Amino acid sequence: MGALAISEGEKRLIRWHLYVAYIAIAVGILFGLLQALSRAKLLPPTPLYDYYQGLTFHGVLNALVWTTFNIVALLAVAVRASLGRPLYSLALGWTGFGLMTVGVISAGYAILTRQANVLYTFYPPLMAHPAFYVGATLLIVGSWVSGANLILTYVAWRRENPGQRTPLMTFGSIVVFVLWYIATLGVAIEVLFLLLPWSLGLVKQTNPMLARTLFWYFGHPLVYFWLLPAYVVWYTMVPRLAGGKLYSDPMARLAFLMLLIFSTPIGVHHQYADPAIGQEWKLLHAFGTFLVTIPSLLTAFNLMASLEYAGRQRGGRGWIDWIFRLPWGEPAFAGATLSMIAFAFGGISGIVNASYNVNLVVHNTSWVPGHLHLTVGTAVTLTFMAMATWLVPYLTGRALWSRKVALANMYLWFVGVMIFAVGMMRGGLEGEPRRTNLGFSPYLLPEWMPFLIMAAVGGTLMFIAGVLFLLNMAMTLWFSRQPAAVEVPIAEALYTAAEAPLAFERWRVWLAVAAVLIVLSYTPVITQVLQVSPFSAYGYLPSSAVPIR
């Protein structure tokens with residue numbers, strides 16, 4: 001594909017997405033540190049810190065804002081670079097950015113003023129200020145506009161290149177946003193028809209069970225909205241950074257398509273302990289959830305084969321020597337590969353979460369955020385940090401301020417999250433609850449303390465790594481003076497796109513399959529919820545036990 005130099009207007013648009021993302025994670029990791037210290041009784045009580053406000057900030061800013069703005073920025077670069085054409089419309093890109101940013105400000109106001117201590121899942125009957133729900137809506141609508149810009153860029157390329165295979169980097173990026181459009185339908189219905197009218201006082205009561213079900217229709221594919229951009233990086237960039245090639249392009253496409261059709265119709269596995277949903281439907285969603293392990297295993301095989309090829313190209317011999325020949329001193333490669341390792345542990349722990357009976361052992365315990373920090377907290381976040389080491393120089397024309405600081409950032413985050421996750425997950429097996437300010441709880445058990453301390457130590461290391469990342473990006477953006485000519489790393493494949501079935505390009509077929517699976521899996525669930533769960537819940541302010549009537 002012929003390269004086309006990125007324009008200054010495109011660079012400016014993408015940089016502004018990164019600015020917002022970096023501000024979000026700066027605030028988010030601060031509150032993450034305070035939570036870890038507070039739970040371990042290492043933070044003295046202060047009226048300046050509200051645990052549940054901090055937990056809401058941490059979840060919203062890190063899991064929703066940091067990820068969404070990064071995804072739009074990274075995939076915009078990926079699509080235009082792999083297609084060799086400019087973005088469809090800068091105006092559309094700025095419109096999406098503006099809507100998302102206004103949404104962040106609106107929701108941020110509600111959280112900052114302690115009128116939305118509802119966490120990032122915002123389950124009713126806890127009620128937030130309308131500004132929170134309006135902000136969430138604008139963030140989603142803005143992301144739809146930004147995604148449309150990338151899809152229209154692809155459509156324009158397709159008109160000019162009929163019959164050609166879509167470059168894998170673009171193929172994966174389009175799957176990300178198609179999945180996002182499907183997933184966000186659930187939360188859009190929840191917010192616009194259940195939560196916002198309720199918060200505005202237009203209706204007095206709502207249906208918490210229906211709201212939870214609509215949220216998890218969205219909440220599980222949300223995980224893959226986070227993860228699939230990391231897959232795009234791992235498949236299409238990491239082999240090039242390693243000095244090798246992707247093992248199989250067709251296998252990567254198959255994994256993307258399987259995740260597109262399987263990741264939405266399985267959300268009830270987050271609701272095993274919820275009433276109003278029959279056991280037969282919970283079991284069906286459990287079986288469906290295990291189908292997601294297939295593309296994950298395909299990914300593991302494909303990437304390991306790619307890394308082994310790269311290591312052997314670098315002179316590696318034997319069973320393990322090739323591992324040590326890989327460029328572990330390169331920040332982009334090291335960070336992305338360490339994120340893969342963390343994700344392997346996240347995937348294994350995810351099987352526990354998905355299991356219908358074993359899930360009840362860890363349900364609503366600290367095991368769950370331990371697992372989440374291995375997936376979105378590292379597989380995704382560390383990948384984004386690693387990619388920033390070339391993306392920011394690519395957008396600014398300035399060399400990375402410090403490779404040593406970048407390397408320290410990558411390894412320190414990895415070590416920190418492994419300590420943190422073990423502490424949280426081991427504590428969860430002892431019954432340590434999540435979403436609870438244990439530092440000031442009368443029922444904190446002594447056997448939880450070693451694991452709370454472990455989580456605090458790991459969280460502190462992650463915070464330091466985050467500070468190093470932000471320092472390096474700030475210095476690169478505003479103070480680096482050494483010029484740099486950086487290209488988007490796009491890997492070739494040993495088994496190329498030409499060997500992929502043409503059926504992989506038939507988007508209507510895959511969308512139809514996804515729609516059928518969603519209808520089959522969710523129609524009986526929603527019907528049952530509506531039959532047995534009434535609209536009878538008044539709103540509660542997060543800090544109040546008195547219902548709002």
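User: Which residue forms a salt bridge with E505?
Analyst: In this predicted model, the closest N and O atoms of the pair are 3.5 Å apart. That distance meets the cut-off of within 4 Å for a salt bridge. The partner of E505 is R253.

User: How many residues apart in the chain are E505 and R253?
Analyst: E505 sits in the loop between strand 2 and helix 17, and R253 belongs to helix 8 (residues 249-262). The pair therefore links distant parts of the chain, which are 252 residues apart.

User: Are E505 and R253 buried or exposed?
Analyst: Buried status requires under 20% relative accessible area. Both E505 and R253 fall in that class: they are buried.

User: Which residues are joined into one network with E505 and R253?
Analyst: Salt bridges that share partners connect E505 and R253 to further residues. The network consists of R158, D249, R253 and E505.

User: How many salt bridges does the structure hold?
Analyst: The pair E505 and R253 is one salt bridge, and the side chains of E8 and K11 meet in another. The total for the structure is 13.

User: Why are E8 and K11 separated by about one helical turn?
Analyst: The side chains of E8 and K11 meet in a salt bridge at 3.6 Å, N to O. Both residues belong to helix 1 (residues 8-39). They are separated by about one helical turn because they are three residues apart in that helix.

User: Which class of exposure does each of E8 and K11 have, buried or partly exposed?
Analyst: The relative accessible area of E8 is 48%, so E8 is partly exposed. K11 has 14% relative accessibility, so K11 counts as buried.

User: How many residues apart in sequence are the parts that K245 and E492 tie together?
Analyst: The side chains of K245 and E492 meet in a salt bridge of 3.6 Å, N to O. K245 lies in the loop between helix 7 (238-241) and strand 1 (246-248), while E492 lies in the loop between helix 16 (449-478) and strand 2 (493-495). The parts so tied together are 247 residues apart in sequence.

User: Is E492 buried or exposed?
Analyst: Its partner K245 has 26% relative accessibility and counts as partly exposed. For E492 the relative accessible area is 53%, so this residue is exposed.

User: What is the nearest side chain of opposite charge to K282?
Analyst: K282 lies in helix 9 (residues 279-291). K282 is buried yet has no salt bridge. The nearest side chain of opposite charge is 6.6 Å away and belongs to D274.

User: Which residues does K282 touch, not counting residues up to four places away in sequence?
Analyst: K282 is buried, within helix 9. Not counting residues up to four places away in sequence, K282 touches V268, Q271, Y272, A273, D274, I277 and Y356.

User: Which residues does S521 touch, not counting residues up to four places away in sequence?
Analyst: S521 is found in helix 17 (residues 507-532). With 5% relative accessibility, S521 counts as buried. Leaving out residues up to four places away in sequence, S521 touches P265 and H285.

User: How far apart in space are G539 and G201, C-alpha to C-alpha?
Analyst: G539 is in strand 3 (residues 539-540) and counts as buried at 0% relative accessibility. G201 is 338 residues from G539 in sequence. In space, C-alpha to C-alpha, the two are separated by 9.8 Å.

User: Which residues does Y88 touch, not counting residues up to four places away in sequence?
Analyst: Y88 has its place in the loop between helix 2 (51-83) and helix 3 (90-112). Not counting residues up to four places away in sequence, Y88 touches N149, L152 and T153.

User: What is the radius of gyration of the protein chain?
Analyst: The secondary structure of the protein chain comes to 17 helices and four strands. The globule rule gives 24 Å for 549 residues, and the value for the chain is close to that, so the chain is as compact as a globular protein of that length. The radius of gyration is 23 Å.

How values were computed: Residues are numbered from 1 along each chain as its sequence is written. This is a predicted model: local features need pLDDT of at least 70, side-chain atom pairs count only at pLDDT 80 or more; totals for chains, interfaces and linings use all residues. Side-chain values use heavy atoms; hydrogens and water are left out. Helices (H or I, at least four residues) and strands (E, at least two) are DSSP runs, numbered from the N terminus. Contact means heavy atoms within 4.5 Å. The radius of gyration is taken over C-alpha atoms; the globule rule is 2.2 Å times the number of residues to the power 0.38. Buried means under 20% relative accessible area, exposed over 50%, partly exposed in between (1.4 Å probe, protein chains only). Lys and Arg count as positive and Asp and Glu as negative; His and the chain ends are not counted.
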